[in-house]
Amino acid sequence: MTKYQLSVHELEGATVYMADAGDRDVLVCEGKNYFGGEDGVNTFELTHEVANKLRELFPFTAPKPVLGYERSIGLGDRLGIAGPGHIRVIKKYDIMPVFAQQSIRELDLTGRTYEDVLDSATFAVFRENFTRGFGADGDHLKKAEDIEYALSLGFSMLTLDLSEHIHGDASGVYSQNVDDLYLGKVFEVEGHKIHFTEEEFRRVLGVYGEALDFALELYERFLKGGKYNCDVEISIDETDTPTKPSEHYFVASELKRRGMKVATIAPRFIGEFQKGIDYIGDPAKFDEEMQVHAAIARHFGHKVSVHSGSDKLSVFPSVGKRTNQKYHVKTAGTNWLEAMRIVAMRAPGMYREIHAFALANFDEARKYYHVTTDINAIPDISKLTDAELPALFDDNNARQLIHITYGLILQARDKSGADRFKTRLYKFWREHSEEYAQALDRHIGKHLEMLGCPKA
Ligand code: ZN
């Protein structure tokens, strides 16, 4: 067993640390036994109970609200192994991380639980001695029961996804009569004028009214009065059309008027924010709209949240600048893609198998994600040499193929019912953990550089 040097922590009468036990990490407590049992040297598996105890003994390993900080970044870790790499890069920058971040869709697709997602982050920060603090985001929550689940575990951020109550055809009904508050008025936000014609206002009410009522209902039920120490984000990004600045204004204004405090709002920005590839659209147009969205956020006192932020490098300078370095950005898929890039580099045989599986199952995966992938444009890998495989991760179509099939790959089973790739993949990643940490350091570092994030 090799001790992780950074993980050595002293308690009264005991030393606690993590160690590499070959095929897995373990926790060791020497001396007074804080984790149950007799005093002496005791080794523990990394269970949820051990994680709970660790969070109690070492508060820096428990999540806390981080959105109040000027800059924050969500680093979704679908595999539960990205922590050390993420910590390596975050240590260098002046930003607060959200290391635990998954949506219910991602939990379903990976077959994981929120316990596991949170515990992976806890063990990583303990192992690497990252004491700055981190957040845990119950991402894209749509149901009361899911909110309760995340809160019961101590998640420090809830992303309320209102998409099921946003009606693009303006057929929703709003409980409030607010005509007098908006009609015939011009709102000035840092020189930008926002006003509604009667027709436009009816449409906005029909699109967002029900969603606002739903948000307020959840807020009153779970969060009002500070029952949980938890940040709230409102997500209106999963819609068919971009959020107009006037819509962002209306939503923020109504939330505020009705007494709901939100830390961040995630609009859907103009252009396309597809998974795991750079921005599609006109960056100048994006910049123009980002300026207004950022001004509205400042006006109401929340931050803009940028979802699907993986690899959106060409618009990050605009995000950093227009928000005056106050933003939340979420990434997730790119961390998985970096893990798979290493598979393509170091285990070409296994990569070829997975690639073929992904192609065969692409249509199934497409049900869960909006992408415009042209799978016919992906190079035929039977014609590629092993050395050419990693370059697939610079090809947008190939990236999206692997990006959206992660759940099917991880949960694939062979005829006997044993998993097809998962065990082999995790074993591989454990053997290449240093390389993965370096890749994340580099890749997330690029994101932070383009955002203009200052160094720590
Ligand atoms: Zn989103």
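What follows is a chat about a predicted model, covering its zinc site, domains, cores and salt bridges.

Visitor: Which residues are the protein donors of the zinc ion?

Guide: This is a predicted model. In it, His140 donates through NE2, Asp237 through OD and His307 through ND1. They lie 2.0 to 2.3 Å from the zinc ion.

Visitor: How are the donor residues spaced in sequence?

Guide: The pattern is H-x96-D-x69-H. His140 sits in strand β8 (residues 135-141), and His307 is in the loop between β14 (303-306) and α10 (316-322), so the two tie together parts that are 167 residues apart in sequence.

Visitor: His140 and His307, buried or exposed?

Guide: His140 is buried, at 12% relative accessibility. His307 is buried too, with a relative accessible area of 6%.

Visitor: What about the phi of His140?

Guide: Positive, about 50°, although His140 is not a glycine. Glu190 also has a positive phi, near 45°, and is not a glycine either. Glu190 belongs to the loop between β10 (186-189) and β11 (192-195).

Visitor: New topic. What does the domain assignment of the chain give?

Guide: Domain 1 (2-45), domain 2 (60-334) and domain 3 (336-441).

Visitor: How many residues of domain 1 are in contact with domain 2?

Guide: Nine, and they meet seven residues of domain 2. The C-alpha centres of these two domains lie 38 Å apart. Domain 1 and domain 2 bury about 710 Å² between them, with 71% of it on carbon and sulfur atoms. Leu6, His9 and Met18 supply 64% of the area that domain 1 buries against domain 2, more than any other three residues.

Visitor: How many salt bridges cross the interface of domain 1 and domain 2?

Guide: The rule finds one. As for individual pairs, the side chains of Arg127 and Asp25 meet in a salt bridge at 3.0 Å, N to O. Both residues are in a network of salt bridges with Asp20, Glu128 and Arg430.

Visitor: And how many salt bridges in the whole structure?

Guide: A search finds 40. One pair is Asp94 and Arg71, at 3.0 Å, N to O. Asp94 is in the loop between α2 (83-90) and β7 (96-103) and Arg71 is in strand β6 (residues 71-75), so this pair ties together parts that are 23 residues apart in sequence. Asp94 is partly exposed at 24%, whereas Arg71 is buried at 3% relative accessibility.

Visitor: Where are Lys330 and Glu233?

Guide: Lys330 is in strand β15 (residues 327-331) and Glu233 in strand β12 (residues 231-235), 97 residues apart. Their side chains form a salt bridge at 3.5 Å, N to O. Lys330 is buried at 3% relative accessibility, and Glu233 is buried at 0%.

Visitor: What separates Glu200 and Arg203?

Guide: About one helical turn, because they are three residues apart in helix α7. Their side chains meet in a salt bridge at 3.0 Å, N to O.

Visitor: On to packing. Which residues touch the most other members of the largest nonpolar core?

Guide: Phe35, Ile234, Phe250, Leu255, Met260 and Leu448, out of 105 residues. Helix α7 (residues 198-223) gives the largest share, 14 residues. Domain 1 and domain 2 each contribute at least three residues.

Visitor: What is Phe35 in contact with?

Guide: Beyond its neighbours within four places in sequence, Phe35 contacts Val16, Leu27, Cys29, Phe44, Val50, Lys53, Leu54 and Leu57. There is also a second, separate core of 42 residues, including Val343, Ile404, Ala439 and Leu440.

Conventions: Residues are numbered from 1 along each chain as its sequence is written. This is a predicted model: local features need pLDDT of at least 70, side-chain atom pairs count only at pLDDT 80 or more; totals for chains, interfaces and linings use all residues. Side-chain values use heavy atoms; hydrogens and water are left out. Donors are N, O and S atoms within 2.8 Å of the metal (3.2 Å for Na, K and Ca); water is not among the atoms, so sites may look incomplete. Helices (H or I, at least four residues) and strands (E, at least two) are DSSP runs, numbered from the N terminus. Buried means under 20% relative accessible area, exposed over 50%, partly exposed in between (1.4 Å probe, protein chains only). A nonpolar core is a set of buried Ala, Val, Leu, Ile, Met, Phe, Trp, Tyr and Cys residues joined through side-chain atoms within 4.5 Å. Domain bounds come from an automatic or database domain assignment. Contact means heavy atoms within 4.5 Å. Buried area is the accessible area (1.4 Å probe) that two parts lose on being put together, summed over both. A salt bridge is a side-chain nitrogen of Lys or Arg within 4 Å of a carboxyl oxygen of Asp or Glu.
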